[in-house]
Amino acid sequence: MLKLIKSLKRRTPLGWLQLSHEKTRLLVALAGIAFSDILIFMQLGFQTALYASNTRLQSHLDADIVLLSPNARNLVNLSTFPRSRLYQAMDVPGVETADPMYVQFSDWKNPQTRQKTSILVIGFNPDRPAFELPELQEYADEMKLPNTVTFDRNARGAYDEAIAAIDRGETVKTELENHTLTIAGLYEMGASFAADGTLMTSDRNFLRLFPRRRPGGVSLGILHVEPGRDPEAVAQALDAYLPKDVDVLTKEGFIEFEKHYWATNTAIGFVFTLGTIMGFIVGIVIVYQVLSTDVRDRLPEYATFKAMGYRNRYLLGIVFEEAVILAFIGFFPGVGVSLGLYALTRNATNLPLYMTLFRAIQVLTITLIMCGISGAIATRKLQAADPADIFG
Amino acid sequence: MAAITIEHLDHYFGHGALHKQVLFDINLEIETGEIVIMTGPSGSGKTTLLTLIGALRSVQSGSLCVLGRELCGAKEKQLVAARRHNGYIFQAHNLHRSLTAAQNVQMGLELHSQIPRREMEERAARILERVGLSDRADYYPENLSGGQKQRVAIARALVSHPAIVLADEPTAALDSHSGREVVNLLHELAKEEGCTILLVTHDNRILDVADRIVSMEDGRLTAQNGRAVEKNRTNSINTVLQST
Ligand SMILES: Nc1ncnc2c1ncn2[C@@H]1O[C@H](COP(=O)(O)OP(=O)(O)OP(=O)(O)O)[C@@H](O)[C@H]1O
Ligand SMILES: [Mg+2]
């Protein structure tokens with residue numbers, strides 16, 4: 001290692017000298033890399049933002065750990081598991097509370113248009129708030145009244161007039177499963193891929209609305225750990241202790257679970273991955289063009305080096321040095337412009353687009369790989385550097 | 001000891017119908033410190049012989065011994081190692097465009113890993129001074145004249161004190177004045193270092209620097225008139241002394 005640094009110190013930085021001597025070529029390469037980095041940043045940004053906006057319900061969940069059926073696929077297909085698992089969970093050291101949550105995908109009549117629309121209904125014990133939504137807690141008592149629910153202000157669909165009416169304090173009624181419902185209040189959550197909107201009510205109301213659902217068949221277990229306990233460790237203990245008919249996830253794990261479903265079962269992941277790959281390929285092509293032109297241009301010079309006794313390895317080193325330099329200096333304008341575009345998009349769409357250190361490192365790594373591949377292909381042209389050719 | 005010993009060397013180019021012999025039974029011995037000029041018509045095989053001696057091509061048959069090392073049957077790695085003992089001067093200067101004169105010269109030293117950076121810079125500066133280009137050390141080749149470029153190329157070839165210098169028509173691209181200057185310089189520097197020189201040229205005006213002239217015709221060495229040149233040599237030293 002020391003030897004390497006020593007030899008780097010006495011080495012003429014040919015890659016850099018060659019690049020900086022050909023200003024136009026350098027600019028083309030930088031613009032190409034920056035462009036491809038921006039593409040990749042936007043794709044990754046949109047993807048993350050979309051997933052984040054589609055797991056708002058999970059993110060707002062007031063839980064450290066959740067229990068769910070091994071058959072659960074996503075939020076609207078949770079299946080059920082025996083409620084007794086919740087009591088058993090209380091035996092595990094570190095578990096403070098374990099409450100049931102009931103989830104059912106159903107149709108209701110849009111209070112405004114009177115049209116049938118799908119809606120996700122969630123039931124829980126109103127005295128133990130299941131979501132970190134302050135507005136929701138204000139309606140704890142109302143949700144205990146028969147057939148009284150709260151509704152998502154940010155639900156997708158034609159609800160603006162109904163929402164305005166509720167805000168004015170009017171009683172808004174509608175129908176679900178042959179029951180007449182009263183909407184007592186509103187909270188703010190937002191639609192997701194799975195559900196355009198959610199209704200929340202007490203567990204009792206829920207069971208009354210859906211008589212086929214048994215209190216013993218729970219959709220989701222909401223667990224809190226004692227203060228100072230590591231949810232990860234408690235989750236592991238639970239997993240070991242509970243029978244196999246129930247899965248244990250931390251809150252983060254639950255969010256990931258949902259993202260994973262949408263990433264693997266829809267075209268969303270595919271579309272954005274494709275976009276990222278496109279950016280990657282555009283980058284490879286541009287950097288390859290620049291590097292191979294450079295190699296072709298310098299064949300006589302490289303052949304001269306070979307004649308002087310430089311090894312092929314040395315020439316490979318020059319090309320890869322150029323590739324790495326391009327990756328680094330092309331990356332920074334890429335991040336700069338992406339930061340600006342993120343801000344623009346945030347203001348225009350409400351999508352939570354943010355630059356994270358992780359993503360910056362991720363894209364820098366992608367850029368290095370991109371330039372490395374281009375460099376590797378460009379080095380094939382080096383074989384044409386024949387030292388026997390330079391004597392005229 | 002002879003620096004270069006060639007025995008029964010043949011060389012062929014091409015395959016199948018294009019298979020063609022270009023060197024026929026070459027025998028040549030060059031002593032250490034000798035300056036040999038090779039002449040001959042175009043296409044006679046001079047460059048081919050030079051590239052073989054310089055380990056830039058693989059020797060196919062016969063024997064070619066350079067500095068005691070047999071090049072016939074040598075592996076690529078041994079060829080690369082052999083190249084490091086030689087200094088090359090080409091018809092085209094072949095300087096690196098993106099390097100200054102000084103950096104170009106340093107590239108002749110960077111190969112030798114035992115030389116530290118500082119010493120590389122000092123030696124490059126010294127030899128550039130020697131070829132009269134101290135004030136052009138930081139110039140890029142595009143800003144140098146043909147003769148200046150060729151002088152940088154000589155500095156690059158000689159800075160590592162090579163045992164053998166191989167030059168292929170080093171004056172062909174130069175006017176007669178700078179051609180003369182370049183050859184004198186080469187001659188002087190080589191004599192100081194005691195290195196062996198093999199120089200290919202068509203230029204009759206520079207034959208006087210040679211200890212011996214050999215000529216090539218249709219792939220065969222025809223004349224090795226050492227004596228004829230011996231007389232000229234005194235003249236040549238005079239010319240060199242006058243010109244510096
Ligand atoms: N790479 C090659 N492939 C096939 N034939 C070659 C190759 N290089 C040279 N030749 C042929 O070999 C013969 C000798 O060429 P060479 O370049 O050695 O001649 P030369 O004496 O240096 O000529 P000149 O004075 O014009 O430079 C020529 O007939 C040439 O056409
Ligand atoms: Mg020739």
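Guide: A polar contact is a pair of N or O atoms within 3.5 Å. The model here is predicted, and ligand 1 offers a case: one of its oxygen atoms is 2.9 Å from a polar backbone atom of G45(B).

Visitor: Which other residue offers a polar backbone atom to an oxygen atom of ligand 1, and at what distance?

Guide: That is G43(B), where the separation is 2.8 Å. A side chain takes part as well: an N or O atom of T48(B) is 2.5 Å from an oxygen atom of the ligand. Over its surface, ligand 1 has 640 Å² of accessible area on its own, and the protein covers 64% of that.

Visitor: Where does ligand 1 lie with respect to the chains?

Guide: Ligand 1 sits between chains A and B.

Visitor: How many residues surround ligand 1, and which are the closest?

Guide: The shell holds 14 residues, and the closest are S42(B), G43(B), K46(B), T47(B) and T48(B).

Visitor: How is the shell around ligand 1 divided by class?

Guide: Eight of its residues are polar, three are nonpolar and three are charged. Glycine counts as polar in this scheme.

Visitor: Which element of secondary structure gives the largest share of the shell around ligand 1?

Guide: Helix α1(B) does, with three residues. Both α1 (46-53) and β2 (20-31) of chain B supply at least two residues each.

Visitor: Turning to accessibility, is V183(B) buried or exposed?

Guide: Buried means under 20% relative accessible area. V183(B) counts as buried because its relative accessibility is 1%. This residue belongs to helix α6 of chain B, which spans residues 176-193. As for spacing, A173(B) is ten residues away from V183(B) along the chain, and their C-alpha atoms are separated by 13 Å.

Visitor: Why does I329(A) count as partly exposed?

Guide: The partly exposed class lies between the limits for buried, under 20%, and exposed, over 50%. I329(A) has 31% relative accessibility, so it falls in that class. Helix α14 of chain A contains I329(A).

Visitor: Which residues form a nonpolar patch on the surface with I329(A)?

Guide: A residue needs over 30% relative accessible area to join a patch. Here W16(A), V324(A), F328(A) and F332(A) form the patch with I329(A), and together the members have about 450 Å² of accessible area.

Visitor: Which helix gives the largest share of the nonpolar patch?

Guide: Helix α14 of chain A, residues 312-349, contributes four residues to the patch, the largest share.

Methods:
Residues are numbered from 1 along each chain as its sequence is written. Chains are lettered from A and ligands numbered from 1 in the order in which they are written. This is a predicted model: local features need pLDDT of at least 70, side-chain atom pairs count only at pLDDT 80 or more; totals for chains, interfaces and linings use all residues. Side-chain values use heavy atoms; hydrogens and water are left out. Patches are made of residues with over 30% relative accessible area and no salt bridge: like charges are joined within 9 Å, nonpolar side chains (Val, Leu, Ile, Met, Phe, Trp, Tyr) within 5 Å. Accessible areas come from the Shrake-Rupley method with a 1.4 Å probe; for residues, only the protein chains shown count as cover. A salt bridge is a side-chain nitrogen of Lys or Arg within 4 Å of a carboxyl oxygen of Asp or Glu. Buried means under 20% relative accessible area, exposed over 50%, partly exposed in between (1.4 Å probe, protein chains only). A residue is near a molecule or strand if one of its heavy atoms lies within 4 Å of it. A polar contact is a pair of N or O atoms within 3.5 Å; within protein, one must be able to donate a hydrogen and the other to accept it, and residues adjacent in sequence count only if both atoms are side-chain atoms.
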